[in-house]
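Thanks for asking me to take a look at this one. Please have the structure open while you read my comments.

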Amino acid sequence: RHMGEYLLRDLAARTFLPGYGFPTDVVNFDNFTIEDYIRTQKQKEQKKDREDNISRYKGLPSRNLAIAIREYAPGAEIVLDGRVFRSAGVSLHWHNLAADINEAQKFDRAWRCHRCGELGYEEGIGEGSNILCTNSDCGVEIRSENIKKVLVPAGFVTDAYESTTNNVEHQKYIPVQQPWVIVKNAPKVALPDPALGFMRAGPDGLVFNHSDGEFSKGFAVCMQCGRAHSMDKNGEFPQELNTARTHTSPRPGKEDRFQDNGSPKVANCGGQGSLQTNITLGAQSRTDVFELVLRQPASNEYLIDDGENGSNRSVALTLTVALRFALASKLGVSASELGFGTRPAKIDGQSVLVIQLYDELSGGAGFASSAPEHIEFVLQEMFENLQCEHCDT
């Protein structure tokens, strides 16, 4: 898979070359259906057009990979030109869009430590399930739920044989996962008042965007046709896609035929034995990251990580959003240029929440890493942003 990659795209994706001009992280949603095919066949001026004409792919909706992973995730419904399409799987063609054969897919492994927030990303699935945290001050074993088997999608597809609707009142979404973010090789720098905490910033940041399906158990993915569906709430095969029953490919195949009455006769995929389970759809990128650890100066208390549903998580996220708007205001850029998140960190033997900002642009634009230069203004502006006259939240 790596040997077949385009050289310039790979070097730009690894930030070895400048990213501008190279579409390194853009994927398509193929929404072409049999309804469209039948309609174009009836139009005389398009009778001679080849159905595998690659120019069709230039008009497909596209998104940055980090956004596409949540917007186009299998099971989600997408509204395009007044029509509602349901994402049915991933595209198995990344090199030759008009190919009739499946191409090798990119599987990686990502993990995050629940105690110190250390993030690891390995290209290739790797060996063994027992992973130890690489942070020299931690070294605990990584929990199994924090180890992700990652498929980097080359694109997403709808079911060509599923009729589209125009009902936009009950659109289905797949839950959005907070990205995993960390900055490497960045020294701790005390805030202007050291009693308030410290910060870290640098260009050597890692952001892992991912989707774990409807029930956060990952996806079942057929590696023969690309059809995908969320694992059920118990982490078992979904009823729609399992080894006990056949399924059809979301895209038209050579064995498909039209019956005498004009309706399509769809052949089975035959890929029940090639189903992969508990797959996370994800992608990692390198960019600029800023981290802030706050401390209550009177009591010397940090913002303790009290679990996924704890109130401190909401407090940390609120502070992060306020910080994001403050930095964007100082730099004169749109707040959408900055991503935000939180992570745990091990400080003085405690699991503490870290506030994070990062550049959305892959490779970094220098926004997040410039925060330490304006930290006094940013903290004051963040405080002002949190002053609300009509609620106590």
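Here are my notes, going from the whole chain to one strand and its partners.

1. A word on the source: this is a predicted model. Its secondary structure consists of five helices and 19 strands.

2. On overall form, the radius of gyration is 23 Å, which agrees with the value near 21 Å for a compact globule of 393 residues. The C-alpha trace spans about 80 × 45 × 45 Å along its principal axes.

3. On packing, 42% of the 393 residues are buried. If you take the contacts with a separation of 6 or more, residues 24 or more positions apart account for 68% of them.

4. As for the surface, the accessible area is about 21,000 Å², and carbon and sulfur atoms contribute 48% of that. The chain carries 41 positive and 52 negative charges, and the mean positions of the two sets lie 6 Å apart.

5. Strand S19 (residues 350-359) is worth a visit. It is largely enclosed by the rest of the structure, because eight of its ten residues are buried.

6. Which strand pairs with S19 over ten bridges? That is S18 (residues 338-347), and the pairing is antiparallel. Within this pair, Ile347 stands opposite Gln350 of S19. The two strands form a hairpin with two residues between them, and Asp348 in the turn has a positive phi of about 50°.

7. Strand S16 (residues 275-296) also runs antiparallel to S19, joined to it by four bridges. Here you can look for Glu291, whose bridge partner in S19 is Gln356.

How values were computed. Residues numbered from 1 in each chain as written. Predicted model: local features only at pLDDT ≥ 70, side-chain atom pairs only at ≥ 80, totals over all residues. Heavy atoms only, no water. Rg over C-alpha atoms; globule rule 2.2 N^0.38 Å. Buried < 20%, exposed > 50% of the residue type's maximum accessible area, 1.4 Å probe, protein only. Contact = heavy atoms within 4.5 Å. Areas by Shrake-Rupley, 256 points an atom, 1.4 Å probe, with all protein chains shown as cover. Lys, Arg positive; Asp, Glu negative; His and termini not counted. Charge placed at Lys NZ, Arg CZ, Asp CG, Glu CD. Pairing = 2+ DSSP bridges.
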